[in-house]
Amino acid sequence: MGKIEAAAGPILCVVGARPNYMKMAPLIRAFGARSDLPPALLIHTGQHYDAFMNDQLFRDLQLPAPDVNLEVGSGSHAVQTAEIMKRFEPVVDTHQPSSVVVVGDVNSTIACGLVAVKKNIPLVHVEAGLRSFDRGMPEEVNRVLTDQIADLLYTTERTAHGNLHREGIADERIHFVGNLMIDSLLAHKPRAVKAAEILGRAGVAENDLAHWQRYGIVTLHRPSNVDQPETLAALVDTLVQASRRLPLVLPLHPRTRANLERFGLAGRLATGRILCLQPLGYLEMLGLMAEATIVLTDSGGIQEETTALGVPCLTLRENTERPITLEQGTNTLVGTNRISILRELDAVLATGGKRGRIPEYWDGSAAIRIAEHLAAWLERRVAH
Ligand code: UD1
């Protein structure tokens with residue numbers, strides 16, 4: 001038995017919400033492939049729990065069932081974060097891990113990160129250093145705080161280094177490894193479901209498919225876009241107008257679906273050529289995005305996925321924490337103003353939109369780089 005295996009507990013890999021799964025799946029696989037790393041245990045906080053938000057994605061990404069599920073469920077930010085911390089602490093006590101790995105920027109990320117560092121367990125943050133510079137976003141607070149307390153910070157793009165540097169984080173803690181989200185995308189693209197199949201299942205008749213040669217996909221779930229009735233109503237009106245140019249598919253996040261009902265906007269949305277669906281599985285979303293003419297979104301991850309797929313993306317936000325998708329990729333920030341959204345949509349329909357190129361290290365090997373680096377890092381810690 002090597003020194004590491006003798007001296008170190010497992011690596012606790014934490015997921016909580018949908019965007020975490022595609023980052024953790026390749027990492028768990030890469031960790032498992034190395035005999036010089038301790039075993040990895042998958043801890044699910046249960047932040048996302050329903051079949052559409054969770055189960056289907058686990059299947060699609062071939063993620064193993066979690067070793068531990070904290071089953072925390074929904075709640076206010078304070079309640080959710082506190083509950084995760086309370087339930088994660090005994091897991092850390094039981095397993096005495098060699099490190100805790102958290103990804104992204106959701107409440108589960110900061111909650112488990114805090115528990116780990118207070119117990120002197122090395123904390124690894126994957127997708128570190130992204131900044132929207134908008135503290136009104138709950139994710140921005142989670143990012144800044146997790147990066148401050150993490151021992152190792154793995155980044156997806158080089159601008160992250162400058163952001164971390166400005167916040168006083170030492171260079172030796174930061175490592176540019178590339179993008180795990182793109183590892184998953186490249187691994188699963190050959191298995192993606194064809195758009196015609198998804199549209200057919202959603203009720204589009206075969207003789208109607210000709211009208212769906214070109215289509216857009218829309219995703220909306222940011223509290224800043226969907227929690228206020230006036231903002232959501234204006235976006236609904238914009239989408240209805242946009243759907244006169246090309247039909248739209250709208251897989252509805254539970255938050256958005258609930259607010260459309262609560263604010264009495266479902267009927268208004270139904271006046272457009274807009275196909276409302278349940279949240280899609282990973283392979284369905286991938287297939288639908290790959291064949292789309294355009295994607296309109298307020299998601300973080302979809303800005304990256306569209307860049308990797310070479311599909312034009314209009315981001316319905318005032319800022320992005322992923323500037324490389326604007327500079328090198330296919331992304332354009334359009335905000336939520338109707339006139340600018342429709343203008344940019346028309347430009348994409350007329351010209352085909354930004355072509356973009358694939359950013360450095362978005363090559364399918366980020367997980368391998370992380371596993372290799374972490375193995376050496378843990379070994380050095382044991383040696384000291
Ligand atoms: C969370 C993340 C966000 C990420 C998003 C992806 C934080 C702060 N936010 O936001 O960064 O982009 O996930 O989806 O962590 N719900 C269900 N079923 C579920 C989970 C949630 O119906 O499986 C409903 C509940 O009513 C819940 C609401 O969705 O109140 C919001 O869920 P929550 O986990 O609080 O945040 P998200 O908006 O999903």
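Here a biologist and a modeller talk through a predicted model and its ligand.

Biologist: What should I know before I start?

Modeller: This is a predicted model, where local features need pLDDT of at least 70, side-chain atom pairs count only at pLDDT 80 or more, and totals for chains, interfaces and linings use all residues. Residues are numbered from 1 along each chain as its sequence is written, and side-chain values use heavy atoms, with hydrogens and water left out.

Biologist: Why is E127 called buried?

Modeller: Buried means under 20% relative accessible area, exposed over 50% and partly exposed in between, with a 1.4 Å probe and protein chains only. E127 has 4% relative accessibility, so it counts as buried. You will find E127 in strand 5 (residues 123–128); strands are DSSP runs of E with at least two residues, helices runs of H or I with at least four, numbered from the N terminus.

Biologist: What makes the phi of E127 worth a look?

Modeller: Phi of E127 is near 80°, a positive value in a residue other than glycine. Q96 also has a positive phi, near 45°, and that residue is in the loop between helix 4 and strand 4 (99–103).

Biologist: How do you know that E139 makes a polar contact with the ligand?

Modeller: A polar contact is a pair of N or O atoms within 3.5 Å; within protein, one must be able to donate a hydrogen and the other to accept it, and residues adjacent in sequence count only if both atoms are side-chain atoms. An N or O atom in the side chain of E139 is 2.6 Å from an oxygen atom of the ligand, so the pair qualifies.
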